[in-house]
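Let's take a walk through this protein, starting with the whole chain and working down to single strands and helices. Keep the viewer open as we go.

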Amino acid sequence: MRTDDFDFELPREFIAQHPATPRDSSRLLEVTAEGLNDRVCRDLPSLLSPGDVMVFNDTRVLPTRLTGRRGEATIEVTLHKSIGRRRWRAFARPAKRLKPGDWITFAPEFSAKVAEKRDEGEVVLIFASAPTAFRDALDQHGAMPLPPYIRRDEGPDPRDREDYQTVYAAEDGAVAAPTAGLHFTNELLNRLGDAGIARHRVTLHVGAGTFLPVKTELAEQHPIHTEAGRITAETAEAIERARRAGGRVVAVGTTSLRLLESAADDRGRLRPFEGETGLFILPGYRFKVVDLLITNFHLPRSTLFMLVSAFSGIERMRSAYEHAKAAGYRFYSFGDACLLHRGEPDEAVRRPPRAETAFTSPAQEAAPTAAPSPGGGRFGLEVLAQDGLARRGRVTTAHGSFETPAFMPVGTVGTVKGLQPEQVRATGAEIVLGNTYHLMLRPGADRVARLGGLHRFINWPGPILTDSGGFQVMSLAELRKITDEGVTFQSHIDGSSHELTPERAVEIQDQLDADITMVLDECTPFPASAEEAARSMRRSLAWAERCRAAFRERSGYALFGIVQGSTFEDLRHESAEGLQAIGFDGYAVGGLAVGEGQQTMLGVLETTVPWLPGGKPRYLMGVGRPADIVEAVRRGIDMFDCVLPTRSGRTGQGFTRRGEINMKNARHQDDPRPIDPECPCPACRHYSRAYIHHLFRAGEMLGPILLTTHNLSYYQSIMEGLRQAIEREQLDSFVARFHQELAEGDLPEL
Ligand SMILES: [Zn+2]
């Protein structure tokens, strides 16, 4: 194979100079046969399955970079391989003047003699100290042997000692970190354990050869480096047992992979191993043990890029790296990670990946792991990036995390109408909303609780937010009576009488097992006088306090307060302050999108958001059209819900980047083009406007299903665009392009 086949361009700015903090917030590009998924290392518990076994390399990096003196000359030495009790192979700089017999002094009582001179700056050193004293001296005087592409122009950074070491490092001996392991925190390791994923340790001392570029024209001619490693009998047996039980082997790092593959016998069974491995893995290699590989992004023309190409396919890796560059992933040792699924060796590495969200893909339907799954943690928002007031974040709940800014499809009565949960998930949605009012009347919150909670009942394993029921009570129910105590009303279904108090609203949402519970509030009508708005806001505030008292604290579950106050700045301020005095896990802005118009709504956000705390999610309830969402994100909102994409999808109204279109309109009846030629959703990939028009005219249910699928996919694509734009601090140009496309109007008629 030609080495040139493994070349690619990587501008210097892609090379990470420091790791992500915390470690597990680094990004994770999942590379599968079906396509690419942008994840985060912290998501790993939900991306793997119970019974899988992860194999970690517990080698510990020694601080082997030393600065010493030979007479007046300063010599920098990097030890790279221990070849005896006191002997090390090392690279010296400058090496030219060194000759065998010279002494280099690194510190008083810490010196070495040059025993041998080799090619290309390499020397063999014999240290004068005993091995234990040598280790102490190394710890005291050595610096981490960071790779050359990590620049420390100001001298070594003290943080590197910790940053360039895995949290589970145990066995001294590496001269470079097993960098895939740098993404793991103890907390993440514990969560993997809680998710039923086994963890085992092997040892492979990473050598300096791992960085050597392949210089030969043919890859096969490259003299591969050897590294020393060990797999104990106990570990080999435990991994084999897990495999027999159907578990997949997940190698953390190419070093773990290389060692595991070296230790397999001819029949592919893992055996204990102790010694050196010089296994060179090139495309065409048949993997015997490893099913999944977690690894960083590697250098062009390196043996490691050859290895990942052998594992997942050259074309697939090329596309993955192109995507990573376009999406701003960070490369190399301190960079982001990949989760590679093993490709078929006979696929001849020629099937380009399709980044698709199709629910029609059989692989996706067969893979429940495509949906978020339990394995969440403490509730909270992590702000990952900011651009102006706009925030790019991640909210963790008891049922997994979701990326913000987020749009939540509305699953009114426990279903996002017309779509299966897997299809909702495939549009990009990570959290859905359920309506308390509807669910309490039918099928009843107690029944949902008896049937295992809403997640199980509706087959949505990811996060769920429920509203308090107040809005629907006040807009749908008849004969309602509102007092300071609560609301009494008659069901719009059968006329039965019900009472909703703050305590009852919280209890119902608890029975539903909502990850995010909303306080009961009074929806102030619009327009309202300042007096009416004040009275209503203060009643909501009193109810919010009762909700807080009634809420049962559980890890991963949250209670959100709702800011009211109509269009009055002082009332919004009073509400925001009052809610914070009570203390909530997130803050919603309510009482908008009730006919006040976009300018007024944005004005309210501009005066309200600054009063909300920075570390908590902000949720704009019931909004809205794509342009409202984009502008609200710009003003610091993180979460949205709205019935528009689903409700409009059922009535023939489509949302596209070029505005809204009515699919019932006769202009579509002969149009063979998709709703949006650039949209990757299944409705746009497989169906024409003419067909969808026909379905609506004929009253067929597939019409609403396809249009809902498209509308939700479009909304989610806006959210993804916003998230990426914030990360790159390019929100202004994203918003300008968004408005420009919208202004262009629909595709010209054929
Ligand atoms: Zn579409």
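What follows goes from overall dimensions to domains, then to one domain contact and two buried elements.

First, a caveat: what you're looking at is a predicted model. The protein has 24 helices and 34 strands. Its radius of gyration is 30 Å, close to the 27 Å that the globule rule gives for 750 residues, so the protein is as compact as a globular protein of that length. If you'd rather think in box dimensions, the C-alpha trace spans about 100 × 60 × 50 Å along its principal axes. Buried residues account for 50% of the 750. As for the contacts between residues at least 6 apart in sequence, 72% of them join residues at least 24 apart.

Now for the domains. The domain assignment splits the protein into domain 1 (3-61 + 162-281 + 289-341), domain 2 (65-137), domain 3 (381-641) and domain 4 (643-750). Let's zoom in on domain 3 and domain 4, whose C-alpha centres lie 27 Å apart. How many residues of each are in contact with the other? On the domain 3 side there are 29, and they meet 26 residues of domain 4. Several elements of domain 3 supply at least two residues each to that side: β18 (380-387), β19 (390-397), β21 (406-408), α10 (421-426) and α19 (626-634). The largest share, 6 residues, comes from α19. Sorted by class, the side of domain 3 that touches domain 4 has 16 nonpolar, 6 polar and 7 charged residues.

One of those contributors, β19, makes a good stepping stone to the next strand along. A hairpin of 2 residues joins β19 to β20, and the two strands run antiparallel with 5 bridges between them. To find the register, look for Thr396, which stands opposite Ser401 in β20. Strand β20 (residues 400-404) is mostly covered, with 5 of its 5 residues buried. Which way do they point? Gly400, Phe402 and Thr404 go one way from β20, while Ser401 and Glu403 go the other, and all are buried.

For a helical counterpart, jump back to α6 (residues 254-262), which is mostly covered as well: 9 of its 9 residues are buried. The buried residues of α6 include Leu257, Leu259 and Leu260, but Arg258 and Glu261 are also on the buried list, and so are Thr254, Thr255, Ser256 and Ser262.

Methods:
Residues are numbered from 1 along each chain as its sequence is written. This is a predicted model: local features need pLDDT of at least 70, side-chain atom pairs count only at pLDDT 80 or more; totals for chains, interfaces and linings use all residues. Domain bounds come from an automatic or database domain assignment. Two residues are in contact if their C-beta atoms, placed from the backbone, lie within 7 Å. Helices (H or I, at least four residues) and strands (E, at least two) are DSSP runs, numbered from the N terminus. Ala, Val, Leu, Ile, Met, Phe, Trp, Tyr, Cys and Pro count as nonpolar, Asp, Glu, Lys and Arg as charged, and the others, Gly among them, as polar. A residue is buried if 20 or more other C-beta atoms lie within 10 Å of its own, exposed if 12 or fewer, and partly exposed in between; C-beta atoms are placed from the backbone. Two strands pair if DSSP finds at least two bridges between them. The radius of gyration is taken over C-alpha atoms; the globule rule is 2.2 Å times the number of residues to the power 0.38.
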